Amino acid sequence: MLAYLTVRNFALVANLELHFVDGLTVITGESGAGKSILLDALGLVLGQRASRSQIRPNSQECEVCAEFDLSNAPLSQQLLAANGLQDKDDANRCVVRRIASVDGRSRAWVNASPVSLGTLRELCSSMVAIHDQFAQQQLLGATTQLSWFDDFVAQPRLVETVKTSYREWRAHSDKYESERQRINEARERRELLQYQIEELDAFQLQEHEFEQLSTRYKRLNQTQSILAAVGQALDALEQNHNPGIGRTRSELDKVDDTSPELNSARELLDGVEVGIDESIRQLRVYSEALTTDEDSLDEVAARLDEIHDLARKHRVQSADLYTKAMELHEELNSLNEDENQLVKLRESVSTAREAYQACAKELTQLRTGSSKPFAASVIATLNEIGMRQAKFEVAFAKSEGETGLESVDFAVSANSRYDPGPLKAIASGGELSRISLAILVVVASNSKLPCLILDEADIGVGGTTADDVGRMLRRLAAHTQVVCVTHAPQVAALGDAHLRVLKTHEQDVAACELTGKDRVEEIARMVAGHRINEESRKYASVLLEEAQESNQTQRS
């Protein structure tokens, strides 16, 4: 339940603190006194959009703080715990604070922890609901009708599961479609890759083949000059080195001395002789391997020409053609793997859809099973507030989405002689007010919302009907805190607590709790306007006495 509301520098409110009690609290005041300002302030702290016009003139920011008692609000406690926002000293207390600045920024806290507006709205929607004339117009929309009906079904976790499952299914489906489109667009690329790979595979290019062919071609193309150079080298080695080195070695052998330097010189000469002999042998092998076969040269040149042509075709250097062939193989393998991945994505879409269908069908069963009890309760409530010939039905239509497998349309008739029709086509303004109030009361009774705020929900009703509305709200307030802004004295008299909103001489909005004679005087004003007399005071006293007797009877 809402326990306290503190408002600072909001519109015409300078400083205001209100204490709320369990049961039915009525808020009254003359037209233009500022009752709607209090609801706007409460809306701000509940997460509604902030505007600069809400900030008091000559102020830089406004602040609204609400304290809730969650003793009878397990869902709200669960949300707090899930977000790590519980009050460490008292798990049943929740303090929500919102500040809006003239620069357009706003900040929010829950139990002194900063939160986003999304978190604020989600949390506060489980603690309090505000119903005003705008909400009555929203009731004409299918979305609101389904939302209210689901509140009656009272399966918020299942509703959330359906929404989450639908979004997961759509996410998988979107990913699959995106991948499928990409792969379809790549099919032409795959065909080109297959053609290119077949051509390269048929060419049978080997790794490093281009480098090896280039070296061989250069050698074959220079055979004559190479052979001439090698021949001259062999002649020089064979004719000149043996006599000179041999004579020198023989002369040194005649020297009878063991000097280290002399021995070293002998060893070096031996090494030179061996090296020259080995060089001669290698050059002979090399020269014998060389050929002047023109056919072999032509074959190598033709192979190189083919490599150059393929390289130009693939826009790479000839030396990189083999690497390009490997890259094309890898790209084709990747595309083939994408096809396999697409199959897996299709399976994930199917699995996600089955999960959505399962929980959505469960919700459908609950909705269809609850439609007649819901309609009967609404009709009974409409009868209670003066629409005794009303008919009301819940119609379903197939509509697959995040809200489930169906949409809901409320059908109503104010006259028992006519069949129910769409709410937006049949209900008049006054009837819409009472129908929306009846639905809201039925929903609140079943969903056990901790707090319900009503802004002139009794508009368009008076006399005994207003008294019926008030008694109905009091019964609702037996298990749901109800705060009602009202212009009906019959409703005001039935409140467990009574707040009056007024403007001070400085045109500031203020509020005070009324008891005793002050409450009689306020209800008398509501009866007679500014011409309060003893008769209106007497009538006000009678309303209060009857309300007290009714309250005692209800409790007993």
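Select strand β10 (residues 404-413) and strand β11 (residues 421-422). The two pair in the antiparallel sense over 2 bridges; strands count as paired if DSSP finds at least two bridges between them. Strands here are DSSP runs of E with at least two residues, helices are runs of H or I with at least four, and both are numbered from the N terminus. For a specific pair, pick V412, which stands opposite G421 in β11.

The model is predicted: local features need pLDDT of at least 70 and side-chain atom pairs count only at pLDDT 80 or more, while totals for chains, interfaces and linings use all residues. Residues are numbered from 1 along each chain as its sequence is written, and side-chain values use heavy atoms, with hydrogens and water left out.

**Around β10**

Add strand β9 (residues 391-401) to the selection; 9 bridges join β9 to β10, and the two run antiparallel. A hairpin links β9 to β10 through 2 residues. Two pairs can be labelled along this ladder: E393 has A411 as its bridge partner in β10, and F396 has V408. Together the strands form an open sheet of 3 strands in the order β9-β10-β11, with antiparallel pairing. Its edge strands are β9 and β11, each of which pairs on one side only.

Now colour β10 by accessibility. Buried means under 20% relative accessible area, exposed means over 50%, and partly exposed is in between (1.4 Å probe, protein chains only). Of the 10 residues of β10, 8 are buried, so the strand is largely enclosed by the rest of the structure.

**β1 and its two partners**

Go to β1 (2-10). β1 pairs with strand β2 (residues 13-19) in the antiparallel sense over 6 bridges, and with strand β4 (residues 61-69), also antiparallel, over 6 bridges. On the β2 side, L5 has L18 as its bridge partner; on the β4 side, V7 stands opposite V64. The hairpin of β1 and β2 has 2 residues between the strands, and A11 in this hairpin takes a positive phi near 55°.

**The cavity**

Stay with L5 and L18, and display the internal voids. On a 1 Å grid over the protein atoms alone, a cavity is a set of points where a 1.4 Å probe fits but cannot get out; a pocket is an open set with protein on both sides within 12 Å along at least five of seven lines; lining residues have an atom within 4 Å of a point. Grid points are joined across faces, edges and corners, and a volume is the space filled by probe spheres set on the points.

A search of the whole structure finds 1 cavity of 30 Å³ or more. The largest cavity has a volume of about 60 Å³. To show its lining, select L2, L5, L18, F20, I27, L38, L39, L42, I453 and V483. The elements giving two or more residues to this lining are β1 and α1 (35-45), with the largest share, 3 residues, coming from α1. The lining divides into 10 nonpolar residues, no polar and no charged. Ala, Val, Leu, Ile, Met, Phe, Trp, Tyr, Cys and Pro count as nonpolar, Asp, Glu, Lys and Arg as charged, and the others, Gly among them, as polar.

**A pocket to compare**

Next, centre on M1, D22, N72, P450 and H479, which lie nearest the centre of the second largest pocket, out of 13 lining residues. This pocket has a volume of about 200 Å³, and its lining divides into 5 nonpolar, 5 polar and 3 charged residues.

**Helix α2**

Select helix α2 (residues 74-82), where the buried residues are S76, L79 and L80. They cover an arc of only 100° around the axis (taken from the directions from the helix axis to the C-beta atoms), which puts them on the same side of α2. P74 and A82, on the other side, are exposed. The cover over the buried residues includes β5 (93-101), β6 (106-110) and α3 (117-125), where contact means heavy atoms within 4.5 Å. Just after the helix, check G84, which takes a positive phi of about 65°.

**Last stop: R121**

From the cover of α2, move to R121, found in helix α3. R121 is partly exposed, with a relative accessible area of 41%. Leaving aside neighbours within four places in sequence, R121 is in contact with L46 and G47. For a distance check, use Q48: the C-alpha atoms of R121 and Q48 are separated by 7.8 Å, with the two residues 73 apart along the chain.
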